[in-house]
Every structure is written in C-alpha cells, then in structure tokens.
Amino acid sequence: MPANQITMFDLPSQGRCACWSLNPWKTRMNLNFKGVDYKTEWLEYPDIKPRFEKHFQLPEGKPNYTIPTVILPGGTYLEDSLAIAKKLEELYPEPALAGIETPAYDRLAKDLLPGILGDLRPIYFSLLPERVLNQASYEYWQTTRAVAMGLGKRPDELTDADRDEAWAKLAESGKLKQVTALLAVNEDKGPLFEGKEVSFVDFAWAGFLIFWKRIGEAEYEKILELTGGKERHLKFLEVLQPHIKRDAF
C-alpha cells in the first residue's frame, strides 16, 4: 500500500459490503473528517484474532482483539476507536476536532450508551445475524453473544416477547431522551453536541443511529421515536453527511 495510507479493519456485511457497526463507524467518520488516505480490509468475526495476533499482543486484562483496528503509516497496529482518534489528532492536527474526551463524550459513551445498548441486546443480538452478518460469522456470533447475555440461550432462541420486553425497558428508562437533552445543550450554536464544531462524540452518536438504520427501518424509527426529538437527530445526521458518505472501500 502507499507509504502514507492507513488500513482500517472493518466488519463485512450481507449484500453491498459497507460499514454498519457503531464502533468502526466512529473511526471511519474520523478518517473521513480528517481527509486521510485509507483503505478498508474486511474481516469476519472468526478471522479477527488470527489476523492480529501475529502482529501485536493484547494488553494485560483485555480478553479479545477488536474492530476497529488500523495500521498506521510505518506499520504500527492500533486498536480501539478512542485510542485511534487520539493518534489521528496527533498525526493529522488539521482539520481539528472540537474535542475528543469532552464532557458530552464522557456522558454519552461512558454512561448513556452502555446502558442503552445493554437494554437493546435482545433486539440487535437476535436481528444482526439474520439481517447483517454473513454466514461466516453466524456461529461465532451465536456462541459469544450467548455468553455475553448470560441468559442460558443463544440469540437465535430469543423471541418477539424478549424483544418487546427490551423495547419497553428502554422506553421506561428514558435514556434516549437524555441523549436528546445532551444534544440540545449547545443547540443555540448549532445541531451538533458542541454546536457547529465537529467533535468525537458526534461520531459516537451518529454511529449508533446508523447502526440501527442498518438493522432495519422499523427499529431505526423506533429509536428515533424514543428519543423524543426525532427531527433534532435527523438534522444532526444531515450535518454529518459529508463524513458519512464514504462507508466502504
């Protein structure tokens, strides 16, 4: 590859292969925002560890290799979207993000999103294999997510009742409305979390919304409905479109 090109590792999908998972989206939007020359290497879930373990070792206490991972100019492998964002800001200071670990990012990514995704696990754990994942990742997903759920059953054994219960739990929690309130803090300046200026938290929330749109229009509309501010979130995505358009290659 060209000496200054970055390789981004991402997860493939059914049909047209394009970015779908929220964590890789954070890195892809970051690269798009920076205007960095990069290419994508697609890895099915079972192929992640064999591809990476011969190039770098996991830090002590980290159980699994993960996507996104990038190869930086010079050949260094770096994983985790937050660590990648910090390195990109160092290597490519212009255009600069308004911030990476801002108070809004801490609130969204470290507090709200884990709870939201936890509530939604019965939905996306069961729908992703059917609608997004390729067959090569099917059994890996079923086995690992059965352990993650701790429910004594696989995602493909979840029922409509399980999914309905998950939606009800999320609606009752009001967590999505809290995201809307966070997005509204600087609305007098612009539609993004920091107003007009793009920050890393924007990539985190946009990645979440695109993730659900890829799962299905009905689920995406349900998410927007539960935010209590659908038009605000649609405007947010509209402003970020220049950094979303490139979802592959």
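The following questions and answers concern strand β1, its partners and the nonpolar cores of a predicted model. Local features need pLDDT of at least 70 and side-chain atom pairs count only at pLDDT 80 or more, while totals for chains, interfaces and linings use all residues. Residues are numbered from 1 along each chain as its sequence is written, and side-chain values use heavy atoms, with hydrogens and water left out.

Reader: Is strand β1 largely enclosed or open?
Author: Strands are DSSP E runs of at least two residues and helices are H or I runs of at least four, numbered from the N terminus; buried means under 20% relative accessible area with a 1.4 Å probe, protein chains only. On one side of β1 I6, M8 and D10 are buried, and on the other T7 and F9. Five of the five residues of β1 (residues 6-10) are buried, so the strand is largely enclosed.

Reader: Which strand pairs with β1 in the antiparallel sense?
Author: Strands pair if DSSP finds at least two bridges between them. Five bridges join β1 to β2 (residues 38-42), and these two run parallel. F9 of β1, in contrast, stands opposite T69, and the antiparallel partner, joined over three bridges, is β3 (residues 69-71).

Reader: Which helix gives the most to the largest nonpolar core?
Author: Such a core is a set of buried Ala, Val, Leu, Ile, Met, Phe, Trp, Tyr and Cys residues joined through side-chain atoms within 4.5 Å. The largest has 70 residues, and those with the most contacts inside it are L120, F193, W205, F208 and F236. With 14 residues, the helix that gives the most is α4 (residues 103-131).

Note on methods: Buried < 20%, exposed > 50% of the residue type's maximum accessible area, 1.4 Å probe, protein only.
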